[in-house]
Amino acid sequence: QVQLVESGGGLVQPGGSLRLSCAASGSIFRIDNMGWYRQAPGKQRELVAAVTSGGSAKHADSVKGRFTISRDNAKNTVYLQMNSLKPEDTAVYYCNAVIVSLLKDPLGYWGQGTQVTVSS
């Protein structure tokens, strides 16, 4: 009954920018941490960035200074602004959120994934 829908992926040239969005909907009482992960072919899924409900953010060393995570609590949406993209940023990007539904314990939910390809 909770769904995360991502958008904003695509093909971009090195040095370009993309903005990913992830909107949560359904039976939501509260959203705690939200984050973005990515998985490149043949590699494990890794954390890219995360943000608390209060707006405290952290970013992986590989994206610091280039990517920025933010959220709009009124819209139940988390964003990932990606600048100065590199070919090694190519991956499927997944949204994750810890969501509390009424009368239920917090659960982690995943989006369906959106492909980001950085290539000339």
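**View 1. A nonpolar patch on the surface of the predicted model, formed by Phe29, Leu102 and Leu103.** Together, these three residues have about 420 Å² of accessible area. Phenylalanine 29 is found in the loop between β3 and β4, the latter covering residues 30-39. With a relative accessible area of 56%, phenylalanine 29 is exposed, because the cut-off for this class is over 50%.

**View 2. The open sheet of four strands.** The order of the 4 strands is β1-β3-β8-β7, and their pairing is antiparallel. Strands β1 (2-7) and β7 (67-72) stand at the edges, and each has a single partner strand, so one side of each is left without a neighbour in the sheet. On average, neighbouring strands of this sheet are turned by 15° against each other, direction ignored.

**View 3. The pairing of β1 with β3.** Strand β3 comprises residues 18-26 and pairs with β1 in the antiparallel sense over 6 bridges. Valine 2 has glycine 26 of β3 as its bridge partner.

**View 4. Strand β11 and its two faces.** In a regular strand the side chains alternate between the two faces of the sheet. Strand β11 (residues 114-118) shows such an alternation of side chains. Thr114, Val116 and Val118 point to one face and are buried, whereas Gln115 and Thr117 point to the other and are not buried.

**View 5. The partners of β11.** Strand β2 (residues 10-12) runs parallel to β11, and 3 bridges join the two. Within this pairing, glycine 10 stands opposite valine 116 of β11. Strand β9 (residues 91-100) runs antiparallel to β11 and is likewise joined to β11 by 3 bridges. Here the bridge partner of valine 92 is glutamine 115 in β11. The two residues of β11 named in this view lie on opposite faces: Val116 points to the face with the buried side chains, and Gln115 points to the other.

**View 6. The largest nonpolar core.** This core has 28 residues, of which Trp36, Val48, Phe67, Val78, Leu80, Met82 and Tyr93 touch the most other members. At least two residues of the core come from each of β1, β3, β4, β5 (46-51), β7, β8 (77-82), β9 and β11. The strand that gives the most is β9, with 5 residues.

**View 7. Leucine 80, a member of the core.** Leucine 80 is placed in strand β8 and is among the residues that touch the most other core members. Its relative accessibility is 0%, so leucine 80 counts as buried. Arginine 30 is 50 residues apart from leucine 80 along the chain, and the C-alpha atoms of the two are separated by 21 Å.

**View 8. Asparagine 76 in the loop between β7 and β8.** Although asparagine 76 is not a glycine, this residue has a positive phi of about 50°. Asparagine 76 is partly exposed, with a relative accessible area of 25%.

**View 9. Serine 84 in the loop between β8 and β9.** Serine 84, a residue other than glycine, has a positive phi near 50°. The relative accessible area of serine 84 is 41%, which makes this residue partly exposed.

Conventions. Residues numbered from 1 in each chain as written. Predicted model: local features only at pLDDT ≥ 70, side-chain atom pairs only at ≥ 80, totals over all residues. Heavy atoms only, no water. Pairing = 2+ DSSP bridges. Axes fitted to C-alpha atoms, helices over the stretch in contact; angles between N-to-C directions. Patch = residues over 30% accessible without salt bridge, like charges linked within 9 Å, V, L, I, M, F, W, Y side chains within 5 Å. Areas by Shrake-Rupley, 256 points an atom, 1.4 Å probe, with all protein chains shown as cover. Salt bridge = Lys/Arg side-chain N within 4 Å of Asp/Glu carboxyl O. Buried < 20%, exposed > 50% of the residue type's maximum accessible area, 1.4 Å probe, protein only. Core = buried A, V, L, I, M, F, W, Y, C linked by side-chain atoms within 4.5 Å.
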